[in-house]
Structures are given as C-alpha cells and as structure tokens.
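Okay, thanks for coming, everyone. Have a look at this one with me, and I'll talk you through a pocket, a helix and a few strands.

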Amino acid sequence: MMNKKLLAHSVALGLMSITVLSGCSKDATQTSSAQVESAGTVQHIEHGVIVTPTQGQAKAVRLQVMADNIIRVTAIPHSKLNAVADSLIVNMPAAGQFTTARSNNLLQLRTREMTAEVSLINGTVTVKNAAGEILLSEENSGEFSTVTQETITPDFDSYAINQQWNRGSDEGFFGLGQHQNGQINYAGESVRLLTHNLSIAIPYVISTRNYGVLWDNASITNFGDPQPATGLGQELILYDANGNPGGLTANYYDGDTLVFSRVESDPDYKFLSNNSVREKPMPQEVSHVKQPRVVWTGSIEAKATGLHRFRMYNSGYATLSIGGKELLNRWRMNWNPWYHNTEIELEKGKKVAINIDWDSQDGFFRLAHSDPQPKDDRFSLSFTSETGKAKDYYVVVGENKDALISGYRTLTGKSVMLPKWAYGFWQSRERYKTQDELLNVLKEYRARQLPIDNIVLDWSYWPSDAWGSHDFDPQYFPDPIKMTQTVHDLNATIMISIWPKFYPTTDNYKELDAKGYMLTNNVLKEKNLDWIAPGYLNGFYDPYPVESQQIFWRQLNEKLNVKGFDAWWLDASEPDIHSNLSYQKRKENMNELSVGSGAEFFNSYALPNAEGVYKGERKTDGHKRSFILTRSGFAGIQRTGSAIWSGDIVPRWSNLKEQIAAGVGVSLAGVPNWTMDIGGFTPEDHYRTGPNGFVGHYSEMAKEYQAQWQEMQTRWFQFGAFVPLFRSHGQNPYREIFNIADEDSEAYASMVYYLKLRYRLMPYIYSIAGDIYHKDGTMMRGLVMDFPEDKIAINLNDAYMFGKALLINPVYEYEARTRDVYLPAGTDWYDFYSGEKYTGGQTIKADAPLVKMPLYVKAGAIIPTGENIQYVYDKPTGAYTINVFTGADGSFEIYEDDGKTYDYESGKYSYIPLTYDESLQTLTIGERRGTFEGVLENRTYHIRWISEGIVPDNFDAKPATTITYSGKTVSLTRTP
C-alpha cells in the first residue's frame, strides 16, 4: 500500500539540510557539532522521515505525509518498521509535498497546512497548525509494555501500547463511535472501545482545537484513563452492614424472602464460562431460587480524595446508591447486559454508605470502580490498547469539524451513497413469522396511506436446524420470490437478515471449512449451543481473506440475492459467537482468524464482513446501489455502503435519551448513516405479556401500562424521524403504528404527522445525503460542529442539528409536556410549529404536548420540501416548496441524482444552488450544475418567506410566489 523503501541519509557534523523527493524547496538549518552528537539520527524516506532518538522507549519514530492536512505517526520499540502491517482501516497511500529542517535537536516536517516536530532526543512528536499553534503534544514517545490480555502466546514484537497527549488540556473531545452512557463531549471522561451488541468502537476523536486523531489499533482500547476499572475491594476499603472491614454484606433473596447471607468484596456475576454455566457461580445455597435477587449493603472508604468512577454492568433490574443518593437505576433484558457509568466525589478515610440492589432475572452483574486520576491526566488525550505491533496514528487538521470528518474519510474511504429509498421509512419486527404476515403489514400501510419504503425480514426464516443454509422454511415461506415481487409491486423494498453464523451440518459451513475459513473453536472445543429449540452447535466464518469474502457472497447470491432481496441486514457482526462470554473467551473463539489473534483484531470483524458483501454485490449487481445494515462496525465501515445501528436497546426512557449521544458520537467519528430500534428492542415483561399472554396489539397489554407504552413509543418515533435512517423495530408488542395506537388517538396522530413530515422533507434530506458523499457532509450534527464557540451548546447531551437547519430536541421523560431547550448563540431561531422567533444564547421552556417534539429552525435556513408522497420515488415530477427563513443570510444546494445507481460516481448528478441575501430580501436560485439520466428539466417551485408569525409546517399555505425552474438562474425579491 505504501512505498516503504528507505532512502539513505547520512548524519554528519556541521551544516545539515533535509529535503524530500516531492520537489519541495530546501529548508536548511545549521546545527552545532555538540547538538548533533547528543541527538538521534534521521533517515529520509519517500513520503517522510524516520527518526532514531537517543532516549525513550521508541527506538524508531516515523512521520509520513498522507496529505497536506494529514500526517501519520508511527513508533516502535525497535528499529524494524517493516514489522508494521498494512492498515486494515486506512486505504490511501502516503502523498503530499513537504519540507524538513533540523534545529536544536528537533526534526521539523512541514506541509502547507501543518507542522510536525520530532525530538531527536526522546522521540516525542508535537503537531502545529499552519499558524504555528500547538495542537497536539506527546507526553512521551509511547509506552510499550508486555501484553497481558492475550489468550495465546503473544508475538515477540507485540506490545501493550499507551500514548498520552496534552496533559491538563481544556479542550473538548468528540466522536469515538457508539456508546451507551449518554455523553457527547468526552473531556475528562473514560471510554472503553470494545465491540459489543450495543457498542461500536471507532477510534477517531476530534478536538475543539480543530484536529482529529485516528488511532490505528483494533484491540480493546481505553480512551482516557489507561487503567480499566477493577473490583470494588481492590482500591476501596469495604465494610459490611455491621461495620466490619473486609467486604459488603450480600443478602440473597428469592423474591422478597431472604435465603442466604455472606460477606463479599467483589460483586461479580458478569460472564458465562461455557453454554449457560456462570464463570462465577451463585452460592450453592441459592441454587433452588426461582427469583434470585441480591442486595449488597455496607460502607466504602476511599484511599484517595477526588472523583471516583463506578461502572455498573447489568441485566435485570439494578440500582446503585452511595451516601443515600441513587446514582444508577437501570434495567436490561437478561441476555444482553451492558455498562452504565457514574461518578461521585469521595473523601479519603471517610466511610460512605453503599447499597446495590440487583433483581437478576437470570441476568448478569458486576460493579467496578476506578480511583481518581490526577487532574492533568484526566484532562488529557490518551489511548491505551491491549496489543499491537506499533504505536500508529494519524493526525488530521482542519478549519472546522466538517474538515476533520472529511480528513477521516480521506483516510478510510468515502461514505458511498445509499439508495434513496433507504432515507424513507422502514417497518420491521422481531419477527414476521410468515410471508403472509410480512405482506399483510405492508398492505395495511398502503391501505391506510401511511408512507413506507422498506419492510424487513428478520432472522429464523430458515429451517430451525439449518442456520446458515440460506434456505427458507417452506412451511412459512413457501414462495419467497413471489414475496419479494409482491413487495416491489407495492412500491417498496425488502431487506433480509443474514448472520456470519453456520451450523456445521450445512453445505455452506462445509464449503468454508474445507478452505480453512471457519472459526471452529466453538464447534470442536467449546461446544456452546445456541438458543434455538434444543440448541445447536454453530461456528462463525473468517471474513478477512478475500477468497472467504467471495465464497460468503456467492452463497448469499445463489440462495437469496437471486430471489429479489434489495438489502442486507448483517446481524451479530461483533462477532457474537456466544453471548455473555468473557472478553477473553471471545478472543479465544476468534483466535483462528487468518490475520492474527482475536485480541489483535477484536474490534474489527464487522468491517471485512460488510466489505465482502458490498464488493460482491457491486460486482454481481453493478446496476444498483448496495445497502447494508450492520449491528457492529469499525473505522472505514462507511465505505462499504453500510449503516450501523445501536443494537438491542430497551424501551426505557433513560435508554431513549442515551441514543441521542450514541447517534451523535457515531456521526462525529465520521460515520454518517446511523439508526436505532425506534421504541427499543426488548421490553420489560409487563409490556410484553398481558392478561391473556403474548401482547401483539397494544390493547392486549394490561390497561395500567398502555398509556405509558404508547407515550414512550410516540416520543421515540418523533425522535426517530430526525435521524439518518428512520426505522421502527422491536420484539412484541408489535411496532407498526396501527398496533401501537388506535387511529383516533393522539399517539397515532403524532406518529402519522412525523411520518408524513419526514417525506415532506425528502428534498432536504436527500440533498444532505448527497452532501455526505460529495462534500463529506454529516446529517446528524453534534452542536460542536455548527456552534464551536458556544460552551453551553457543545456540552449538551440531548440536542443536535439535523442538517444545518433543524435543531432537534427529543422528549425523553414520561408525562413531560414541556422541555428545556437551549438555543445556540449567534443566530435567531424559529419555532417550527408557530413561527415564533427567538434570539439564540438562551434556554427556553418549550411546549411539548404529546403530539409534538420541540423543533426549531435556524434563521437564514433554506429548506426545500416536497408534496405529500407515499414512497420516495412517488410523484417524481412533483412541485418543491422553497422555505426561506428570513432574518439572516443563508444558502443551500438541492442535490438530485437517479437515486438507485452508482452513476453519481462518474459525475451524473446535479446541484441547484440557493442563496438568500437578507439585506436585499432576495432569493437567488442559481444555474443547475450537472445532469443525469432522468433529470427533471422543469420543476414547479413554490416560494415561502418565513418570518415571525408565519407557521412553517403549514404545507397547505398559499406560497408567496410560484415559478417554473428550468435550470437557469432566477432571482426573487420578497415584497412586503
């Protein structure tokens, strides 16, 4: 991928100059003999330099210019840089012009947009912008220590790796992928980059100083505190309920009946060891208990004063209270636990009461703790990876956050365009059990004139003993070709779920295994059974070899693609070989990967899994855009035509709120197409089971829970209308609008309103989707992107911009009918429903009746809207309304292409520029740039001038002006 040929360079006494082969001008600096003797050596390579410092753990530090605004930094504790493998995530070669100079024991490498300096003494690197301002300063040349988290003997040249920069910084940090703790700004926080059903590691962070760091490592990595949390008793002094030191009192109950008590120092029921056997079993005394519940009580005493972090991992119901204050109250379904973090100030030597209550529901639990970090370390940038061959990272600089995201995609791949229908509404369920059930739902949407573009066939359509066969169970899906044809006749598309999982009895497993492309540890050694019927042995394939990818795609093509399916749902792509095993066991089950150990590639499996399907479909069906929904992802996933989603979240208000930060974090890490299970996947039992058993339609639920359920689903649906992909999915109760609420209810009316609003906004939405590819744009925009100087805005965890015009404020509290909304400073804002105008820089108490979510539009915004349609390709010649929100200058570009093919990659698309001049009260619709097959040469444009008191969402309002736009420039002036 890169030319790694080293160019000879002699280190001599006296005058020294270093130039590059890129044709840059020479930059010479004099250095004394004494300085040279005390400094390390320098080698010139084609796209950069290699420094051998005299001190520090790094024995070789390489700088490579990737582009004018991107420099790669690689360091190793030996001199053999050829040990550094080609990157899995970066797919661009080094290139770019630069000059170098040496002075005062520093080697300086400079491009037009940035400078990197390497100390010839200790190998530390400092990065500056074009103005010479320090952006990033290493605290050392990297720490390389013994690998302790492998499950096999590590390679001799593998190391646990840590790098820290900018101690004591006051900057904000954003990105890092999808996490579930509700945080957007990670300054002073710790994040574990660890792939899981609910967590997607994208090791790219962007700073308020306008730089980004892509940490090129696929092993489990800590951002922030380099030390993972430990058991309570390791760093805290524990006292039982009677005040005796040594542990907490653990009371084991059957429901509310006390069965057994003992003292414990580490509440830990976190993992399975094999099948359903716990790694740490419950006490024998409670083996007969039907409703196990554990309550730990006592006191904790800190050994250090400061901010202590607690990390609660749970499924079932769990609460944590410290000092009489409830810090966490969470529920997750028993088979899918995850972390929630909290923190509290503790004083050294002072006892504080603690209470932990876990109603297990046969789930999992652990409470871990981290001691305070020194303030300067806490407020720094740090990555710590379990294993790797080198410290390897890329620094991107830019004028704003959009430029930093563009730099990430320059390195890891453009975000290819999704088919236009993907931005319409999707209906899904776990699961449609027959083809008639699926088709009847779609027909019901059409009969009710509710817009929809995609319906999803989830798992278990195959014979129960033939997972991975890609066959259909003929009893329930007798004619899948007819099923897909009927979906298409109803002007919709159909996505199908596929897993990287195979039963060893299937021909597909046998073919992959014969080539050595099956991970067989589970089948041959661990023998974990899945949860289908009696339970079956299963294995996952190795997606890294190109031939393996090709076989996997061919199997899909021959059995499924030929039947007319439009898109692929790649589930369990962590890979989830067996849920709730320890991370060490998960690594063991991945150790047969062709590229290296499970520890080394732990976070990256989803990337080659998606890449193989994407490339295979492009080769087989090059006439249509591939589309993939994948449960996991990694840096680079956007280049595979993939969207990611937030996994099996739960229908709880707290989980609704946490999805705001999850989606924004993904977007700020450079991956633009994200979605979630609107309404949450698995509900609590009181929602799922009613007086007569299984709940489908909401009316089958106990009456006391119906209003709660409908309100949560309605609020989540409102939020879901303003994320990149609008997708309703979950287990029972059913999630179709007409199964959530009756037609004459407020809940139903609200969902229909936002469903239709989404389609009205399609010209705006598809335009910003076009910008994702053509301008490296972002649809779900953290407020730091558009209001970087507003300290209040950038630290909000519950609001974001949808495109650059719409401020989204989801409602996430039960029975809330108002919501505090902060309007970012520097602009005016319009209430989307009333037209009332507000000055930015203030918090208002916004109305939030059940039927509406607070929605505000930035002054100067230009939003094109369309007619009322039933699917995205409906009424292709329909009129557009250009809504101009007056009060500030503004601009927008309407993007159009055929919506279905890759012709846009060869220039077949168009942009129509719109600009508004507030001083002249004039809208200019510019000349159309570009064309494509099927372009509409003439379209009716209605013009609306939105000023205070004009209701923006009144789509039936009479426009101020109507014109026929034919692709030529036209200017329109607002009249009083």
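First, a pocket here is an open set of points on a 1 Å grid over the protein atoms alone, where a 1.4 Å probe fits, with protein on both sides within 12 Å along at least five of seven lines; lining residues have an atom within 4 Å of a point. A volume is the space filled by probe spheres set on the points. This is a predicted model, where local features need pLDDT of at least 70 and side-chain atom pairs count only at pLDDT 80 or more, while totals for chains, interfaces and linings use all residues. Residues are numbered from 1 along each chain as its sequence is written, and side-chain values use heavy atoms, with hydrogens and water left out.

So, the second largest pocket: its volume is about 1,100 Å³. It has 44 lining residues, and Trp 335, Trp 531, Asp 576, Ser 579 and Asn 580 lie nearest its centre.

Now helix H11, residues 606-620; helices are DSSP runs of H or I, at least four residues, and strands are E runs of at least two, numbered from the N terminus. How many of the 15 residues of H11 are buried, meaning under 20% relative accessible area with a 1.4 Å probe, protein chains only? Eleven, so H11 is largely enclosed by the rest of the structure. Among them are Leu 607, Val 613 and Tyr 614.

Last stop, strand E5, residues 48-52: four of its five residues are buried. Strands pair if DSSP finds at least two bridges between them. E5 pairs antiparallel with E4 over five bridges, with Gln 43 opposite Ile 50, and a two-residue hairpin joins E4 to E5. E5 also pairs antiparallel with E6, over four bridges.

Terms used: Buried < 20%, exposed > 50% of the residue type's maximum accessible area, 1.4 Å probe, protein only.
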